[in-house]
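Trainee: Could we go through this one together? I'd like to hear the reasoning behind each label.

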Amino acid sequence: MSRAAARRPDGPGPAADAVGRRDLADDVPPETGPPAARAVPPFDPELAEALAGPRALAREPYTPQNLAARQERDAAERPRPTVGELRADGRFEVEELRVPGPPGGPDVTLVSARPAGISGPLPLLYYLHGGGMITGNAWSVLPRLLREWAAPLELAVVSVEYRLAPGARYPAAVEDCYAGLVRVAGHAAELGIDASRVVVGGKSAGGGLAAALALLTRDRGGPAPIGQLLLCPMLDDRDRTFSSRQMAGVDTWDRTSNATAWQAVLGDRYGAAELPPYAAPARARDLSGLPPAYVEVGSAETLRDEAVAYAQAIWRAGGRAELHVWPGAFHGFDTLAPRAALSREAREARTRWLRRILNRT
C-alpha cells in the first residue's frame with residue numbers, strides 16, 4: 001500500500017494516536033491580566049542592539065492597508081543577485097530552470113546551485129524562502145545558503161520562486177513547491193542530485209511551506225525527503241497562541257503582520273473552521289510518518305508557541321524532532337544580527353543537524 005493510500009489527507013491515519021488528533025492550540029494557556037501587565041521575554045542584548053536605529057523599520061507591521069506598498073518596496077529593495085553573481089567567480093555552478101507547474105498553473109522557476117568541480121550526485125537542500133508568503137524571492141537567500149551549507153557540506157541547493165499572495169492564494173505556493181520537487185526528483189541524474197538524500201527546508205513562511213510539503217509528499221506518495229528544516233516556521237493561521245498575544249507590538253513579525261499575511265494567503269478561507277493541513281500545518285491531525293524535523297524558534301517571538309507545539313505533536317505521533325528555542329531571540333534574529341553570538345550558535349546547530357541527517361543516509 002502506498003503512503004497516500006494509507007491516510008486521509010485531512011484526517012488521522014491508522015498510526016495516529018488519540019493525542020495526535022487534538023488541536024495543537026489546545027495546550028496553550030489562556031492569557032491572564034490586562035495587556036499592559038503582560039510579561040514579555042527580554043531580547044538578547046546583542047539582538048536588541050541590532051534593532052536600534054535604522055533597524056527599527058523592521059518592526060513596522062504589515063497591514064491590509066499598507067500591504068501593496070510594502071510588497072512594491074520589497075520587490076525594489078530586496079537583493080536579487082544574478083546567476084553570474086551567484087557563481088562567485090566560478091566557485092559555484094548556477095542555473096535557472098523553468099519547470100512545469102501544478103495542473104492549471106504557470107511554470108515554476110527554480111534556481112539550482114552546487115559547488116563547482118565536484119563530480120557525482122550531491123545531496124540536495126530544497127529551499128523555500130521566507131517573507132510571509134507575501135514577499136521575498138528565490139535569489140536573495142542563495143548567497144548565504146551557498147556560503148554556509150553548500151560549500152562546506154558539498155550540498156546542492158534548489159531555491160523555489162513560488163507564487164506570492166494575495167496575487168496567488170492557497171494552494172498556489174505549496175503546489176508550486178510540490179511541482180518543483182517532483183520535477184527535480186524525476187530529473188535528479190541530469191541535475192547531479194542524489195534523489196535519496198533530499199532535505200526540504202525554509203525560514204518563516206518557507207519553514208511553514210516546508211512542513212506543508214512534507215505532509216503533502218507523504219499523503220500523495222511523492223518524493224520522500226529525509227529531513228525537514230523548519231526555521232521559525234509560520235504554521236498556524238488561527239492567531240490563538242499565547243505567544244502571539246504576548247509579543248503583539250514587540251516582535252519584528254507580530255500578530256498584525258501575521259494576520260495580514262494569512263488573510264492574503266487564504267482569502268475567504270481565513271478563519272475557516274476546517275482548513276487543509278497543507279494550508280496551515282498546525283491544522284494537521286496526523287503527524288506520523290514524517291521525516292525527521294529540525295524546529296527552531298526564538299523565545300521572544302510571535303511564532304514560538306506554534307513551533308513548540310508542532311515539535312511536540314511530532315513526538316506524540318512517534319516521530320523525530322530536534323527543537324531549539326533560542327533565549328531572547330526575535331523573529332529573523334540571525335538575519336538582522338548575523339554577528340551576534342546567539343546567531344552564530346544557531347547557524348552552527350543547524351549545520352550540525354544537516355550533517356547528521358545527510359551522513360545518516
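Mentor: Sure, we'll take the strands, then the cysteines, then the empty spaces, bearing in mind that this is a predicted model.

Trainee: Strand 2 (residues 108-115) first. What makes it largely enclosed by the rest of the structure?

Mentor: Buried means under 20% relative accessible area. Eight of the eight residues of strand 2 are buried, so the strand is largely enclosed. Look at both faces: Val108, Leu110, Ser112 and Arg114 point one way, Thr109, Val111, Ala113 and Pro115 the other way, and all are buried.

Trainee: How do you know that strand 2 pairs with strand 1 (residues 92-99)?

Mentor: Pairing takes at least two bridges between the strands. Strands 1 and 2 are joined by eight, so they pair, and they run antiparallel. For a spot to look at, find valine 94, which stands opposite alanine 113 in strand 2.

Trainee: And which way does strand 4 (residues 156-161) run against strand 2, parallel or antiparallel?

Mentor: Antiparallel, with five bridges joining the two. Valine 111 stands opposite serine 159 there.

Trainee: On to strand 6 (residues 227-231). Why is it called mostly covered?

Mentor: Five of its five residues are buried, and that label needs a relative accessible area under 20%. Gly227, Leu229 and Leu231 are buried on one side, and Gln228 and Leu230 are buried on the other.

Trainee: What are the bridge counts between strand 6 and strands 5 and 7?

Mentor: Strand 5 (residues 193-203) pairs with strand 6 in the parallel sense over five bridges, and glycine 201 has leucine 229 as its bridge partner. With strand 7 (residues 293-298) there are four bridges, also in the parallel sense, and leucine 231 partners glutamate 296. Each count meets the cut-off of two, so both pairs qualify.

Trainee: What makes strand 5, helix 7 (residues 205-220) and strand 6 a right-handed β-α-β unit?

Mentor: The path decides. With the strands pointing away from you, going from the first strand over the helix to the second must run clockwise. Strand 5, helix 7 and strand 6 make a unit of that right-handed kind.

Trainee: How many disulfides does the structure hold?

Mentor: Zero. The test is a pair of cysteine sulfur atoms within 2.5 Å, so a count of zero tells you that no pair passes it.

Trainee: Why are cysteine 177 and cysteine 232 called buried?

Mentor: Set each value against the 20% limit. Cysteine 177 has a relative accessible area of 0%, so it is buried; cysteine 232, with 5%, is buried as well.

Trainee: Now the spaces. What makes one a cavity and another a pocket?

Mentor: In a cavity the probe fits but cannot get out, whereas a pocket is open. There are six cavities of 30 Å³ or more; the largest has a volume of about 120 Å³. The largest pocket comes to about 1400 Å³.

Trainee: Which residues lie nearest the centre of each?

Mentor: For the largest cavity, Met133, Ala173, Leu209, Val265 and Ala279, out of 20 lining residues. For the largest pocket, Asp74, Arg78, Gly332, Thr335 and Leu336, out of 43.

Trainee: And what classes of residue make up those linings?

Mentor: The cavity lining has 17 nonpolar, one polar and two charged residues, with helix 7 giving the largest share, four residues. The pocket lining has 15 nonpolar, 13 polar and 15 charged, and helix 4 (142-153) gives the most to it, six residues.

Technical notes:
Residues are numbered from 1 along each chain as its sequence is written. This is a predicted model: local features need pLDDT of at least 70, side-chain atom pairs count only at pLDDT 80 or more; totals for chains, interfaces and linings use all residues. Side-chain values use heavy atoms; hydrogens and water are left out. Buried means under 20% relative accessible area, exposed over 50%, partly exposed in between (1.4 Å probe, protein chains only). On a 1 Å grid over the protein atoms alone, a cavity is a set of points where a 1.4 Å probe fits but cannot get out, and a pocket is an open set with protein on both sides within 12 Å along at least five of seven lines; lining residues have an atom within 4 Å of a point. Grid points are joined across faces, edges and corners, and a volume is the space filled by probe spheres set on the points. Ala, Val, Leu, Ile, Met, Phe, Trp, Tyr, Cys and Pro count as nonpolar, Asp, Glu, Lys and Arg as charged, and the others, Gly among them, as polar.
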